[in-house]
Each structure stands twice: as structure tokens, then as C-alpha cells.
Amino acid sequence: MQRIRMSLPYFKQYGWEVEVVAVDPKYTDLPQDKLLMESIPTDIKVHLVKAFNKSRTSKMGFGSIAYRSYFFLRKKVNTLLREEKFNLIYFSTTQFQVCILGAYWKKCFKVPYVIDMQDPWHSEYYQDKPKQQKPPKYWLSYRLNKYLEPMAIRQAGGLISVSERYTETLKDRYPRIVRIPAATITFGAFEPDLKIAIRHQNEFKRLLDPDFKNIVYIGRGGVDMYNAIKPVFETLKKGLLDEFVLFSRLKLYFIGTSYAPAGQGNQTIMPLAKQYGVDKSVIEVTDRVGYYHTLTTLLQADALFIPGSDDPQYTASKIYPYLLTNKPLLAIFNSQSSSLSILDEFGVKHAYSYDKTANVNLKIEIFFKGVIDNDLKEPNYNPTAIEKYSAKMMTKRQCDLLNEVNLILL
């Protein structure tokens with residue numbers, strides 16, 4: 001959703017008239033942020049559809065909004081395609097199961113479609129992991145995704161992905177799509193969001209303790225992030241043992257770590273903190289917070305932290321809101337993650353890999369002490385990178401690919 005939302009102000013500038021079909025927010029149990037509507041141009045047509053009630057479908061193992069909204073999306077878009085002329089359908093969602101509708105619409109209405117791979121769809125990542133590390137309903141979702149992904153991907157007219165590895169994996173898996181247009185396009189930095197957050201900052205509950213130096217991460221948790229978090233906790237543990245008075249001033253926040261409904265999430269970061277004996281200095285909040293509440297909290301922090309996954313394909317789309325805040329930033333990723341090269345382009349000084357960076361614990365200690373002593377200067381990011389990765393330029397690159405797909409069929 002965020003990619004399209006941040007692109008809507010610029011599509012027309014690059015030659016595309018856009019209409020949006022989305023599920024009515026009242027059918028989701030995730031936190032809602034009505035302020036998001038402030039960033040959407042008033043001339044954009046938005047069609048909202050229904051979804052089946054989750055309390056009923058979840059009894060059969062299908063609580064995902066993708067399955068609950070499938071028939072309503074099909075019905076609405078069928079009507080639009082019959083009544084108007086559309087050049088292309090663009091799927092940009094992590095509810096990938098709805099993408100199989102693309103093959104149906106292509107067959108019935110001869111309209112090509114593009115899929116935006118913001119995450120892997122069918123993945124072998126958890127196959128060799130212990131049961132306790134696998135997502136809920138993994139057995140069922142793995143088999144459904146393995147069946148549904150080829151139905152959608154094989155007929156796609158183009159692919160957009162946040163990671164080149166996602167596209168490479170799909171092209172290896174489905175030789176039929178080797179020659180279709182594809183582009184690696186990250187999410188962009190959308191500066192209007194920061195202005196909206198600042199304008200409404202007093203409307204949000206403060207999550208941070210002002211008596212401490214607060215280092216904040218807001219995003220999903222998971223065991224796959226342990227390799228990136230372990231050196232942070234190791235360094236914190238050493239600091240508390242060697243210089244307790246100094247390091248006890250630090251609080252590390254991990255907020256919104258679970259996708260489960262409010263109050264039902266399981267902590268994944270706190271068990272690791274307890275293992276290292278730093279749990280008194282770590283706070284994990286599993287409940288998700290709204291997008292602008294997130295931005296407001298990042299702005300209130302003394303410094304920010306982004307841990308990456310041990311999956312080398314992982315690209316953190318959240319890095320751009322972090323960069324927009326101009327707060328001191330510590331980022332730790334797998335050395336093969338494309339996020340590190342992006343952060344390097346911006347000139348982020350404290351971006352490291354957990355598997356290749358020499359003396360990473362010492363570097364983290366220097367960062368921690370800089371936060372405590374207010375010695376870290378406000379970042380001065382590379383203006384060329386700021387422009388290159390802006391939401392406007394990311395929209396242009398999307399439109400370039402959409403044009404390419406459209407031209408193939410003319």
C-alpha cells in the first residue's frame with residue numbers, strides 16, 4: 001500500500017491516469033491511520049470493496065484479507081474493465097494471493113498486469129527451520145503459495161521488486177518470464193509524510209521515556225534478525241558490566257514487532273535480551289502502531305536502529321522514513337543485503353554487516369557512547385542520493401517499466 005500511496009501524487013506527471021481498487025479499511029483488524037488520506041491527491045478515484053468477516057473465514061484457516069476480499073475484488077474490477085478502457089493492472093501489495101486475478105483478467109479482458117514483489121511470495125526460507133521459528137499456519141500457507149505463485153507469475157507482463165534477488169529467483173523458477181520487463185525499485189523517501197507527522201505530533205501517545213537516551217527500532221521482529229541484534233546486545237551487556245552508570249542511561253525500543261492483532265502478539269526480541277541479561281535496558285512492544293505515530297516516535301528518539309534479516313535477499317523498505325528524520329542511525333545487515341549499498345550512497349556512517357565488518361562491537365560501542373554523550377552530529381546526507389531515492393524518482397522508474405509493458409502489447 002505504501003508504495004502506491006507515495007506514488008499517487010506523481011503518476012499523472014509521468015503520463016499515467018490512475019484509479020485505485022482497495023479493501024475498505026473496516027474489514028481489517030490492523031491499526032488504521034486516517035492521516036494517510038492527507039497525502040492522497042483529491043482527484044484520485046478510489047474504489048473500496050468489501051471482504052468476508054474474518055471471524056467466519058478464520059475458522060476454516062483463511063483469515064488473510066487476500067482470501068476474504070478475493071471475490072469482491074474480482075467483481076469490482078470486472079465491472080471497471082467492462083465499463084472503461086484500462087491499459088494495465090498494477091498489483092502492489094504483500095497480499096500476494098490476490099495477484100492470481102491478474103491471469104484471470106488478462107484472459108478475459110486482454111489487459112496486461114505487473115506485480116510488485118515487496119517481499120518473497122513462495123519461499124523456502126523456513127523449510128529447514130525449527131517448528132517454533134515458523135510463522136503461524138506455515139504448513140498450509142507454504143503449500144498454497146507454492147501452488148498460487150506460478151498461476152500469477154507465469155502470465156505477468158512485468159515485474160517490479162525491492163530486491164534484485166527476488167526477481168532473479170522468480171526468473172530461475174519460471175523460465176517463461178525471463179524476457180519480460182523487470183526493474184528493481186525500492187520504496188522512496190516521501191517528504192510530505194514528515195510534515196504530516198509533525199503537524200499532528202501532539203495527537204499521539206508518547207512511547208519513549210524522556211529520562212533515558214532512547215534508541216528506537218519500529219518494525220517487525222523475528223528470529224531471522226537475531227544475527228543483526230546479537231552484537232548490539234553483546235555490546236550493551238559489556239557496557240553495563242564495565243561502565244554501568246553510563247550505559248544504564250540507554251533504553252533500546254523494539255516497537256510493533258508482531259503482525260498479530262493488538263494484545264495477541266508474541267515477543268521475539270525480549271527472549272534474546274533476557275539471554276544476554278540486558279532485558280532491563282530493552283523494551284519490546286509487540287502491538288503495531290500507525291504510520292504517522294511511527295514517524296512521530298522516530299522524531300522523538302535520540303537515535304535509531306535498523307536490524308536486517310539473515311536472509312541476504314532482505315531489503316528494509318523502512319530505511320527511507322528513518323533517513324528522513326535526520327537522526328543518528330545504526331544499521332546492521334547481512335553483508336549481501338542491498339540495503340548496505342543504499343545506506344552507503346546516502347553517507348550513513350554507522351551501517352555495518354554482522355558477518356563481514358571488522359570490530360563491529362567496538363563500532364557499536366562508539367555509537368552508543370556518542371548517543372549517551374550527545375556527541376553524534378546531525379547526519380548530512382548526500383543530496384544526489386536524496387534525489388535518486390525520492391518517491392518522485394521511484395514513481396518515474398515505475399512508470400518507465402509500465403510504459404515498456406504497455407508498448408509490448410501495442
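1. Helix α8 (residues 226–242) is a good place to start in this predicted model. Helix α8 lies across β8 (250–255), β9, β10 and β11 (329–333), and its direction makes about 160° with that of β8. A second helix, α13 (residues 338–346), also packs on the sheet. Helix α13 touches β11 and β12, and runs at about 150° to β11.

2. The sheet beneath these contacts is open and has 6 strands, in the order β9-β8-β7-β10-β11-β12. Its pairing is parallel. Strands β9 (282–285) and β12 (351–353) form the edges, each pairing on one side only. From one strand to the next, the twist averages 20°. As a general reminder, strands of a sheet pair through backbone hydrogen bonds, either parallel or antiparallel.

3. You may like to look at the pairing of β7 with β10. Strand β7 (residues 213–218) and strand β10 (residues 303–307) run parallel and are joined by 2 bridges. Within this pairing, Ile 215 stands opposite Ala 303 in β10.

4. On to the charged side chains: how many salt bridges does a search of the whole structure find? The total is 13. One of them is between Arg 3 and Asp 116, with an N to O distance of 2.7 Å. This pair links distant parts of the chain, as Arg 3 is in helix α1 (residues 2–7) and Asp 116 in strand β4 (residues 113–117), 113 residues apart. Both Arg 3 and Asp 116 are buried.

5. Is the salt bridge between Asp 224 and Arg 220 made by buried or exposed residues? The closest N and O atoms of this pair are 2.7 Å apart. Asp 224 has a relative accessible area of 7%, so it is buried. Arg 220 counts as buried too, because its relative accessibility of 17% is under the 20% cut-off.

6. The pair Asp 400 and Lys 396 gives another setting to look at. Their closest N and O atoms are 3.3 Å apart in a salt bridge. The two residues sit 4 residues apart in helix α16 (residues 391–408), which means that about one helical turn separates them. Asp 400 is partly exposed, at 38% relative accessible area, and Lys 396 is partly exposed at 30%.

7. Finally, a group of three deserves a glance in your viewer: Glu 243, Glu 365 and Lys 369 are linked in a network of salt bridges.

How values were computed. Residues are numbered from 1 along each chain as its sequence is written. This is a predicted model: local features need pLDDT of at least 70, side-chain atom pairs count only at pLDDT 80 or more; totals for chains, interfaces and linings use all residues. Side-chain values use heavy atoms; hydrogens and water are left out. A salt bridge is a side-chain nitrogen of Lys or Arg within 4 Å of a carboxyl oxygen of Asp or Glu. Buried means under 20% relative accessible area, exposed over 50%, partly exposed in between (1.4 Å probe, protein chains only). Two strands pair if DSSP finds at least two bridges between them. Axes are lines fitted to C-alpha atoms, for helices over the stretch in contact, and angles run from 0 to 180 degrees between N-to-C directions. Contact means heavy atoms within 4.5 Å.
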